[in-house]
Structures are given as structure tokens and as C-alpha cells.
Amino acid sequence: MTRVVQIQTNFASGEIDPLLRARVDINQYQNGAERLENVLVQPQGGVRRRGGMKYLYELPSGANPQDGTRIIAFEFSVADHYMLVFTNQRMYIFKNQTLITNINGTGNDYLAVTAVTSSILSTMCWTQSADTLILTHKDINPVKIVRGASDSSWTVSNLAFDSIPKYAFTLSLSNPAATITPSAVSGSITLTAGSAIFNSGYVNQYINVEPQGRCRVVSYISTTKLEVVTEIPLFSTDPIASGNWEYESGYEDVWSVSRGWPRTCTFHEGRLYFGGSASRPSTMWGSKVALFFDFNPDQAYDDDAIEATLDTNSLNIITDMISGRDLQVFTTGGEFYVPQQGLEPITPANFFVKAVSRNGSREGIRVQQLQSGTLYIQRQGKALNEFQYSDTTLSYISTSISLLSSHLINNPIEMALRKASSTEESDSLLMLNGDGTITVYSILRQQNVVAPSRITTTGLIKDVGVDIEDIYAVTKRTFNSVDKYFVEVFDADSYTDCSFQGGAASGASGLPHEAATVNVIADGSVLSDEVVTSGAITFDRPSTTSYEVGLGFTVVVKTLPVEPRMSVGVRSGFKKRILEVNALLYETQHLIINNVLVPIRTLDTAGTLDSSTIEFTGTKVINGLLGYTQDAQITVSQNLPLKLTLLGLEFKMSVYGGT
């Protein structure tokens, strides 16, 4: 037998797909793990226990949270930012992790938003400018929500358009019996008829002229005169005889109750853009510059409204748009962008959409923008891709960043992005899966770090959103056979889920965890678990300064099967034994290695046994581990609500050397 000493210096590759079990040749294998549960990968390479989830509010049954929710961040100013939680026809408003009550002086804890029903929440889109939030869905007139003079002052109304684009859903051609004479061949001109043939219905319809010319009617002046804009210049100003021109009608509002409404929306360079509609799913429209609700193309000046349709050889239902380096458009059939040269603005003359890739994006999951690119879920819900600009090709490319962790993508239903706020954090992409778990991708693009881990809890996570630094979640938990829905927030200073905090006390009351077993922390020490009865528990001993009560969760860090570096080659098929583990720790209070409790507090440490648990930084050595296996894995776990930061693992193992 040969004894080998190895070290896993980091976990920067995160949890690795089981399909890569044989890829011991790649660097990601050496820096990955088989399982990372309820930990986050730090940019330095270590892993730390995730924060607990602090209780904020229980959604009442009258809100029908079981039929769906949607969390939307709203930033009014640097000091005033909110998390809006939508349920069936209601909007709950949270600020600084506190529910805003008595909305508009009504005594209600919510704003009534009757147009937003449970049926549209999962595919609703939104965008914000200053004090205004705009909600869109193909089945409702866009909704405008405005924050007023105070935290509790809000108004909601249907968006009123100054003008709506037109489209010929039922095209009709006719040849009126009259001669028409143009005042000029191009630009904004008038057409004068030889007899009274015009009426107000001509507005927003077209006149086609032989041998050349196409005019859009913008104004009705009289029965013999129209104001038009030439989209194709006329051949001359000579009178045009009857039979040499035709009236093209059937154009109507592209958005209406009968034709449907915009699917998606975003602001970009002074325009409000809408993407897709129920009847025109592949068309996008941009408003006039600084006139966000005016979509009249008028005379096609640079600041007039614009329109384009994504015509390719596949169906391109627009699922999302985002303002980045360029205006980016995501559809079920592919990824697109609107090219711009340098600082040149988008105008009706240069507005066109260029295709990049043909992956398609999943409807209802908003794309998220990193500094390096835009992240989106592939249409089939099986891959996380990045849409980024390449300085090499001077164009956009679309690449998969979930290739090594596809097993963690399980019917995703939502994404949110929390950007790093310190050097101890990476950007965190939170992907909510259909099974109620969250896959967290810790991303530091400068170091090529994409490290996934998973978050689980007692019950299901139903929705997730980010308010600058705070990560909000809607959870479904079952207590005493009753399903309850909570608004909770991830809190770095909490160690349990659905947690309640307080000061000096001998117990806690008003708890929703009926008949459930909860963890208890008093003054920094873990007390015995308690079962909630009639919403209350009694502590083993009273707390003097602080307590926390909540649902416990298990932390697991399991290495990939060890592959020793030996001159004779790989030893995947040979049995091995881990003899000794040196765990490199930082401010850690509790951990278990391969079912062996690692002693953190010893009799020579300062303080009494009922004082707060000390934090250990350094190396802990575990000897005498038994058992030969082919995989020789190390499992670091934690079953107490205390701190844990694991920087790396050095280990000694015995393995058959062979020849």
C-alpha cells in the first residue's frame, strides 16, 4: 500500500455533474465537489454556510398565493427601494424588510391590482422608469403603477397610449373613381382629389401609386384633401388618374382587446419598447424619443416611433428584451440585437434586428444582466446560457455556462441576480427550480469562476427576487397538515429558516410552525430543539440579549471521488482509505467530517460552557478514519445552526500502488 498526501485548495468549480465522474483529467474536477448543499462558494474559493431565511409576513389565504406569486424589485431612489410581491389581484409592498401597511389610507396591507390575476403572473413582464412601473402581458392592457409622495401612496391604472401602431389584419384594396394630385414627390405632402371621395377613415391607411409611390395617410383635411407621408417617393407631381392608384385599407390598432396586448417591455436610449403581442408575437415597437406612450411613426424623423418584425425561418415569439450595450431581444427561436455604430442612436432609418444564435429562451423567466453579458435559460429549460459581446469577432456570441452542472437545472421557473457588494462575495445568480430548490451560481467572470451550489429548505421555495442586496423569497411550508405561504428574506446573521428573532426572553410565542420541531439559539449558544405547541415554545434557559427560533437545515460539502496523483497512473478502480483530514477553517463554530464531530470548543478555551460558541480559524486535524472504498470521498456536514466556512481540505490516504 502507498500513502499519498493531497489537498483540495478550493471549490471554485462548484457542484459537478455526475456525468463528469470519469473526467479526472480536467481542472474543474480537482476544484469541484459532488455535492454542495446550503453553502455558497466564495470568490476566494472556499465555501460558507448560507444565511438563514428570516420571516417577514404570512400571505393570507384571501390572496390565493397557492395559485402563484411574482416578486418585482422597485427602486424609487437611493434611499427608497421596495420589493413588490404580487398575488391574485394584489400587490404587497416591502421596504427594508418590513411590510408597508395602510396603503393609500384604506387600512389594507396591499394595493388592489385587479388586472393582474394569478393566470398571468408566471409570464408577466415589467420595466421601470423613475416613479413608474409598467406591467405587460399579452392578455391585459399594460398596467401602470406609480409611487406617490410616501411609502404608502401608490396608484394603479391602465396605460393610456397617445397613439398605437397599426396593422392590416384584414387587408382590403379598392380603386376609388377619382384623380388625385400630389403636392410633392416625397416627405410630408398633400393629396388633392378631383371629387369628394375621402373621409376620416382614410387616416392610418395607405395609398399606392403606379408606377411608383406609397403614402401613409396621417391626417384627414377634407373630402378632397389628405395629408400623407411618402414611404416610397412618387414618380412626379402630375395628376394620377383613377385606376393608377389604389386605396389600401384594413389597418387597425395592433393592440386592443380583440388583438391582444404587448408581451414584453423595456426602456432603451429614451424610448419605451414593446416586444411581441398576442397577434403579432414577433414584432417589436419603439416609442418616440422621450414620448414613451406615443407610437405614431409620423414622418419617420429620427425621433419618431419605430417598428421591426423578426422574420427568419423559425417562429420567434419575443420572450424578453433588455437594454445593455445594445438593445437585446430574446425569443423562443433565437437571440437577437439591434446593431448601433459607435454613438449613433437608433432611428427609423437604421432600425433593424440582427440574429446571433438559435437557442431560444424560456418564456416567463426574465433574463439577467452581468457586467460580462446577459444570462438566459434556454427554451427547453435544460441549460443556462450567456449572451455576450466578443471583442474578437466584434459581434455577440451565445455560450453555455451550465455545461458542468446541468443536473442542477430542474424545470427552472424564475431567475434573480444579486450583485456582489464586497470582496467576500461573488455575483450570485439564483435559479428557482420547479422542485422548490434554488441553484445558486456564484460568478466571478474576471477569474473564470462559475461555481454552482444548491439551496434546500423545509418545504418549497415558490418565488425569488432581489432588492439590491436583500434576497426575498416566497415559501410554502406545511405545519400541522396546513399549507402556509410566507414572505421571507435571506439574512446572513440568521442560521435557521422561517426564523424569528428577539431579545431577553424565556420563550417565544406567535410562531406559525405549529407542531414542528424548531432550532433555538440563545445568546449565541444552541439550546435543545423544541416542538411548537399553540404557537409557543419555552427555552431551556432564558436569553439575556438575543434569541433565534426557526427551522433547521443541513449543510453538506461532499468531495468528488479522490483520484491520487501517482506515477503509475490513475487508481479509479482500486480501493482507498482516507487516513487523515486537515480541514482549513475560517471563523467556524461547528462541523462534522465523515460522521466524526470535529471538536471546536475545548476546556482550555475562554468562557463557560453556556456562553456563546467560539469561532475557530485555522486547521483542524481528524485522524483514525476507517474503511476502504473505491471512491474515498470526504463529507463535511453540519447539523447545528452555527457558522461554517471551509477554505480547503488536505488529506492523507492509503491506496494500492500496483505496477
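Guide: Welcome! Accessible areas here come from the Shrake-Rupley method with a 1.4 Å probe. The model you are looking at is predicted.

Visitor: How much area does the chain expose, and what share of it do carbon and sulfur atoms supply?

Guide: Happy to start there. The exposed area of the chain comes to about 27500 Å². Of that area, the share from carbon and sulfur atoms is 49%.

Visitor: What percentage of the residues count as buried?

Guide: A residue counts as buried when its relative accessible area is under 20%. The chain has 659 residues, and the part of them that counts as buried is 52%.

Visitor: How many strands does the secondary structure of the chain hold?

Guide: Let's take the helices before the strands. The chain has two helices. Its strands number 54.

Visitor: Which strands stand at the edges of the open sheet that contains E25?

Guide: That open sheet has four strands in the order E23-E24-E25-E26, with antiparallel pairing. Two of these strands have a single partner strand each, so one side of each is left without a neighbour in the sheet. The edge strands are E23 (262-268) and E26 (306-309).

Visitor: What is the average twist from one strand to the next?

Guide: A quick one for the sheet E23-E24-E25-E26. From one strand to the next, the twist averages 15°.

Visitor: Which residue in E26 is the bridge partner of Trp285?

Guide: Strand E25 covers residues 283-286 and runs antiparallel to E26, with four bridges joining them. The bridge partner of Trp285 in E26 is Glu307.

How values were computed
Residues numbered from 1 in each chain as written. Predicted model: local features only at pLDDT ≥ 70, side-chain atom pairs only at ≥ 80, totals over all residues. Heavy atoms only, no water. Pairing = 2+ DSSP bridges. Axes fitted to C-alpha atoms, helices over the stretch in contact; angles between N-to-C directions. Buried < 20%, exposed > 50% of the residue type's maximum accessible area, 1.4 Å probe, protein only.
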